[in-house]
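Hi everyone, thanks for making time for this. I'd like to walk you through a structure that may be new to you, so let me put it up on the screen.

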Amino acid sequence: MNGTNGKAVNGHTQKVMSGDWKEKAAVRDQKTDLSRWRLKNDRGVQTWVYLKSDEEVQKWPQSTADKWFLNQDTGLPDLPPAKTPLDAANNGLQFFSKLQLEAGNWACEYGGPMFLLPGLVIVWYVTNTPIPEDHSIEIKRYLFARQNPEDGGWGLHIEGESSAFGCAMNYTCLRLLGVEADDQRMVKARKKLWELGGALNGPHWAKFWLSVLGVTHWDCVNPCPPELWLLPDWVPVAPWRWWIHMRMVFLAMSYVYSKRWTYPLNDLVRSLRSELIPETYETINFDSRRNTIAPTDNYHPKTWVVRLLFWLLINIWFPFLRTASIKKRAEDHAWWLLCAEDDNTTYANLGPVNGPMNTLCAYIHGGPDGKEFQEHLKTLPEFIWMKGEGMLMNGTNGVQVWDTSFAILAVHDAGLAQDPRWKPMLTKALGFLEDQQVETECRDIAQCYRQSRKWAWTFSNKKQSYTVSDCTSEGLKSCLALQSQPGFPKLVSDERLKGAVDILLTMQNATGGCASYEPQRGSELLEWLNAAEVFGRIMVEYDYPECTTAVVTALRMFQQHFPSYRADEIRAFKARAVDYIRRAQRPDGSWYGSWGICFSYAGFFALESLAGEGETYATSERVRRACEYFLDKQMPDGGWGETYRSCETGVWHQHAQSQVVHTAWVVIALLYAEYPDPEPLKRGLKIIMSRQQSNGEWLQEAIEGVFNKSCMISYPNYKFIFPVKALGLYARRFGNEPLL
């Protein structure tokens, strides 16, 4: 690969001729034919395909869902204007049902983070993997569509301010895909990056990827030695105690770091050194730059404890104590753990950070023809998503189980499950959940530190295979809700339902609350070792009102059907969990949300937990405080809306415009609380109904989700699921009177 104006397509660098400006403009404005994209959905395993020939296009027509994903005209008809809540709910389902895929699930982008695509593209580049031209074109189009129009940079996520991390990584990605350095958009991005101090002011993950590429030197990367995996399990800082995403990223990162593997220097990488770093490369003391970071990126500053640990590793462990045999033993054990992760997930891996990293590890270990590397190349496309503005990388390999469970429960809770219009849709969705319940246990479950998974549900699909507390809960509730109704088949056996409960009973923390993937294994003091800088609450599992409520409500529903199964254990579990919910409430009446934005999200979960214990506005002071908290936030137009800054700061930040999704969450919360006055709810529902389009659709507004306090992520199906639920719940409580 040669040439600073290299165009990385199909694994080769092609010289871009600097001819006529019209030729350059044509390259700049490249776009594929969106009518040729198709989503292939093989039992929940989703990949996008670009059809090359007209014959292929004829044989495989574009579905309504494909068109909607790509922001094309769906051709769905206008519906009679909604006057009542149930009119609006049914109109919404009329549209949403057309987005259901043949396997029975719903799909959507799960984008938002702006640091995922660059890791994938860097791995493709350094492993000389051909990049399809249609992918290259659409990735570039997406990154430019998400470039900050004012300063030319990119942030941690699509709504965030420009950061050194976002600028350095996405600039690099575009250059690897053939965009020229003198493109005015790149000039503007480079200017912003230099204002932030350049790539060496990026966080740990940026320095890691750029050292893999050869733009920076490994000396600027804080140490992540695989020897930590050799620590006895009883050691308080042993990696098995960390949050699953943190430890799986560290696992792959530690293997690459120990190898200090770097792509051979070429002209493009040499040019990137001068483009990304506003200093003369040969004069840089990289060791002194391990802890330099731009203020925009320093969300979670490193503590003196982790700085001291790094100093000891760099100055004592590596030069004097680390023998060649220890190094080999650590790398061999890390490789064994990587192989176990690959086997247990059929190479899907936990997520889109460790997926590309594991791919690189496989390339380093076995070369381009190794079985592990080749299998990874087949699964990486499962993280990719195509939309109207281009190609992005999802935050997991999809939201299949999660959104499908929520959709079932929304229709059920709205009182519409027996409507003959929606029974076929719900039956297909039930079939999907039956198919996606995990049926086997992990290989070497204790040795690879996995939580039990047999009869659990995951966030995305069975292939990914990671137990999640709230996904298992919502899946269980969905099956119970439909299978107890007349006219629905019993697809999930009692044994399997009880197996899911057995899993849930293992998920409680000592505090009574529930975490996400597994109970908390380490002290929260491990957060002192957080070296990621851009994320908070990343080192261990925590208690979450959302996850806790999901489990409590699932156990509550299960007991209605199986009152004698593990009854004492379930009763004690629920009591501890609800006590946690009560303690987690803040003095102002709110609950902090960790997986959605933010107080409106956690609040409706928490109030559902309390409602199940008989705590309502009439009977509970804490419920009254929660209601007053929300009513104080109601906007003049009748809706509710908060920005992602609520997640970062821990204080409600009012959005400039009310949001359909947030409004639905608050209406649901007030309904669970049995707030007696319907007027505030009517005002909120009028906003939801007034923003519904003539075909039943709701349009995308602000981003809905969050993880690790600082990074936002999209849940586009929420704008259908929760309005339908809010409208139906209101009609069941106050009647289906006209509101418009």
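I'll go through the annotated spans, then the core, the enclosed spaces, the largest pocket, and finally two residues with unusual backbone angles. Please keep in mind throughout that this is a predicted model.

Let's start with what the record says. UniProt, in an unreviewed entry, lists residues 95-330 as "domain: Squalene cyclase N-terminal". In the model that span is 47% helix and 0% strand, and its end C-alpha atoms lie 54 Å apart. The same kind of annotation, again from an unreviewed entry, gives residues 401-731 as "domain: Squalene cyclase C-terminal". Here the chain is 48% helix and 2% strand, with 27 Å between the end C-alpha atoms.

Now to the inside. The largest nonpolar core contains 244 residues, and Phe115, Phe535 and Leu607 have the most contacts within it. Let's stay with Phe115 for a moment. Which residues does Phe115 touch, leaving aside its neighbours within four places in sequence? They are Leu156, Phe165, Trp205, Val353, Phe535, Phe707 and Cys711. Keep Phe707 in mind, please.

Next, the enclosed spaces. How many cavities of 30 Å³ or more does the structure hold? There are eight of them, and the largest has a volume of about 540 Å³. Its lining is made of 35 residues, and the closest to the centre are Trp243, His245, Tyr517, Trp595 and Phe707. So there is Phe707 again, a contact of Phe115 and part of this lining. Three elements give two or more residues to the lining: α10 (244-259), α18 (469-483) and β7 (705-707). Of these, α10 has the largest share, with four residues. By class, the lining has 27 nonpolar residues, seven polar and one charged.

The second largest cavity holds about 100 Å³. It is lined by 13 residues, with Met248, Leu337, Glu341, Cys448 and Tyr466 closest to the centre. Helix α10 turns up here too: α10 and α13 (324-344) each supply at least two lining residues. This lining counts nine nonpolar residues, one polar and three charged.

Let's move to the largest pocket, with about 690 Å³ of space. Among its 25 lining residues, Asp413, Glu608, Tyr672, Leu729 and Arg732 lie nearest the centre. The elements giving two or more residues are α16 (400-413), α18, α20, α22 (599-612), α25 and α27 (718-734). Which one gives the largest share? That is α22, with five residues. The lining divides into 10 nonpolar, six polar and nine charged residues.

Finally, two details of the backbone. Arg537 has a positive phi of about 50° although it is not a glycine. You can find Arg537 in the loop between α19 (494-504) and α20 (545-561). Is Arg537 buried or exposed? It falls in between: Arg537 is partly exposed, with a relative accessible area of 26%.

The other one is Glu674, also a residue other than glycine, with a positive phi near 55°. Glu674 sits in the loop between α25 (660-672) and α26 (679-690). At 44% relative accessibility, Glu674 counts as partly exposed.

That's my tour. Thanks for listening, and I'm happy to go back to any part of it on the screen.

Key
Residues are numbered from 1 along each chain as its sequence is written. This is a predicted model: local features need pLDDT of at least 70, side-chain atom pairs count only at pLDDT 80 or more; totals for chains, interfaces and linings use all residues. Side-chain values use heavy atoms; hydrogens and water are left out. On a 1 Å grid over the protein atoms alone, a cavity is a set of points where a 1.4 Å probe fits but cannot get out, and a pocket is an open set with protein on both sides within 12 Å along at least five of seven lines; lining residues have an atom within 4 Å of a point. Grid points are joined across faces, edges and corners, and a volume is the space filled by probe spheres set on the points. Ala, Val, Leu, Ile, Met, Phe, Trp, Tyr, Cys and Pro count as nonpolar, Asp, Glu, Lys and Arg as charged, and the others, Gly among them, as polar. A nonpolar core is a set of buried Ala, Val, Leu, Ile, Met, Phe, Trp, Tyr and Cys residues joined through side-chain atoms within 4.5 Å. Buried means under 20% relative accessible area, exposed over 50%, partly exposed in between (1.4 Å probe, protein chains only). Contact means heavy atoms within 4.5 Å. UniProt positions are given in the numbering used here, feature names are shortened, and annotations may be inferred rather than shown by experiment.
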